[in-house]
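Please walk through this structure one part at a time, starting with a sheet and ending with a hairpin. Keep the sequence and the 3D view open while reading.

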Amino acid sequence: MAHWVITHQNEDGSWAGGISETAWGLRCLAEFRSGPAFAKLQYAPGIHNSAWNERPSDVRNFTAYLGYYCYCATPQRWELFNLSQPLGDLLDMPVLFVSGNNELDFDEAQIKKLRAFVEHSGLILGNADCGNAAFAASFRTLGRTLFPHYAFRELPQSHVIFSDEMFHARKWRKHPVVEGMSNGIRELLILIPQADFSLAWQHVARKTQVESFQLAANIHLYATDKEANLSYAGAIAPASKSNRPRRSIRVARLQVGDNWNPEPRAWPRMAEFMELNCNVKLVSEAVKPDPAHMIGFNVAHLTGTTAFSLTPTERDELKSFVNNGGVLLIDAAGGSTEFADAAQKELKLVFGDPAKELDSAIGLDALKSKQAGYVPIERIEYRNYARNLINGSVHVSHLRAMHWNGRVAVVFSREDLTAGMAAIHSDGINGYKASTASAIVRNLLLYAMGPV
């Protein structure tokens, strides 16, 4: 629509037909400035009399509410998405709404597309029409099929969706049951099994069922970290490429703990970043920290969301990796305190007294490099949630490092880098914004490549 409007504009900026057509054109462009706030999934043929669209005005009415109450009367877009469409049509949508009164049934290609949507920072919101138990059960099955390592649980009232967004749950007369599936960093899928938001939206019941509108608005704000006009797909804007020969670096993603890969898109996206901005080919590989698998890597990355412990063999191998010139990067995914405490304990067991350096922050100049593509980080940006947890300046890095044989050999962050590398925009994450996280890891990788 926006493309059509622009291509039919007159040289003086107006549109043929006079003032009314010009006003219509400007309104269209204003509404299409950013991606849609919500998408509704069409998973069965037909628009009318179909289980997926029993309430055809539900999302339209909700996004009108969202625009008026959350975005200062700025209209918010919504779209229908059919799983036969290309994945790219879906990636700019923060929330995909799935509603119905029958069991869901997706084929392997559709499952793959839905999984890719979530991994690109999307959130799937399910609504059981009239509290239909068969739909709710199949939605839970969908979640387990998409992400077998995680499980649904009822969200506690302390969850940021209830307590830290625009509308506070304590003011509601009714408290709908909300189930969520999390990877330890963010909610991947959310299910409303009984309250039937779709019906409330269809009837515009903003007074009698205000919680149906306010909770959904909170979920949208949660999925976008309270920010508008985000690039949900984590698109990389290419910089001018270097004329120097293409370089390469290898990263070992350490399979340690029970949640070592919570955001699978983190390193593939970082590879795109390094290729386009530094002319560096980044190859990452999941490996066990043992002598048979740690050969030939420049950097080893350890992350997770839960407490863990290393075996004596794994501790010896990490020390050997550092002794042989490797750089060890550790971050607490999502800002997990459990993981960070366990990591700091393990580092002291591996390295002894030198690991005491990791008790305090360092300046980012410690990772200064003469490699092409290195850019000093002038300003640190934390996520909104993290800013509320930080004591002191919110533009100072809390990154920690340990020196070994005269160089930085271990970089440790209690604040999240992993979700930032994956360009995840969800609220509730204690860490750096995507741009800062990507810049920190870029400079670390260039540092690990050694002198020019």
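A strand here is a DSSP run of E with at least two residues, and strands are numbered from the N terminus. The model is a predicted one. With that in hand, find strand β3, which covers residues 95–100 and contains S99.

The sheet comes next. Seven strands make up an open sheet with mixed pairing, and their order is β2-β1-β3-β4-β7-β6-β5. The edges are taken by β2 (78–82) and β5 (152–154); each has a single partner strand, so one side of each lacks a neighbour in the sheet. Averaged over the sheet, neighbouring strands are turned by 25° against each other, with direction ignored.

At one of these edges, β5 pairs with strand β6 (residues 179–182) in the antiparallel sense, over three bridges. One residue pair to look for is R153 and its bridge partner G180 in β6.

Helices pack on this sheet. Helix α3 (residues 58–70) touches β1 (38–42), β2 and β3, and its direction makes about 175° with that of β1. Helix α8 (residues 210–224) also packs on the sheet, where it touches β1, β3, β4 (123–128) and β7 (187–192). The direction of α8 makes about 165° with that of β4.

Now return to S99 in β3. Is S99 buried or exposed? Its relative accessibility is 2%, and because buried means under 20%, S99 counts as buried. Beyond its neighbours within four places in sequence, S99 is in contact with Y43, A51, W52, N127, D129, F135 and S198. Two residues in that list also make polar contacts with S99 through their side chains: the side chain of N127 is joined to that of S99 at 3.4 Å, and the side chain of D129 meets that of S99 at 2.5 Å.

E79 can be read in the same way, and its place is in the edge strand β2. With a relative accessible area of 27%, E79 is partly exposed. When residues up to four places away in sequence are not counted, E79 touches P36, F38, A39, K40 and M93. The side chain of E79 also makes a polar contact of 2.2 Å with the side chain of R77. Another residue to locate is L90, eleven residues from E79 along the chain; the C-alpha atoms of the two are separated by 9.5 Å.

Next, look at a pair of helices. Two packed helices are described by the angle between their axes and the distance between the axes. For helix α4 (residues 108–119) and helix α5 (residues 133–146), the axes come within 10 Å and cross at roughly 80°. That makes α4 roughly perpendicular to α5. Where do the helices meet? I111, L114 and R115 in α4 meet L142, T145 and L146 in α5. By class, this contact has four nonpolar residues, one polar and one charged.

The last stop is a hairpin. Strand β12 (residues 400–404) is mostly covered, with four of its five residues buried. β12 pairs with strand β13 (residues 407–413) in the antiparallel sense over five bridges. Within this pairing, H403 stands opposite V408 in β13. The hairpin has two residues between its strands, and N405 takes a positive phi near 55°.

Notes: Residues numbered from 1 in each chain as written. Predicted model: local features only at pLDDT ≥ 70, side-chain atom pairs only at ≥ 80, totals over all residues. Heavy atoms only, no water. Buried < 20%, exposed > 50% of the residue type's maximum accessible area, 1.4 Å probe, protein only. Polar contact = N/O pair within 3.5 Å; in protein donor to acceptor, adjacent residues only side chain to side chain. Contact = heavy atoms within 4.5 Å. Pairing = 2+ DSSP bridges. Axes fitted to C-alpha atoms, helices over the stretch in contact; angles between N-to-C directions. Parallel < 35°, antiparallel > 145°, perpendicular 65-115°, else oblique. Nonpolar A, V, L, I, M, F, W, Y, C, P; charged D, E, K, R; others polar.
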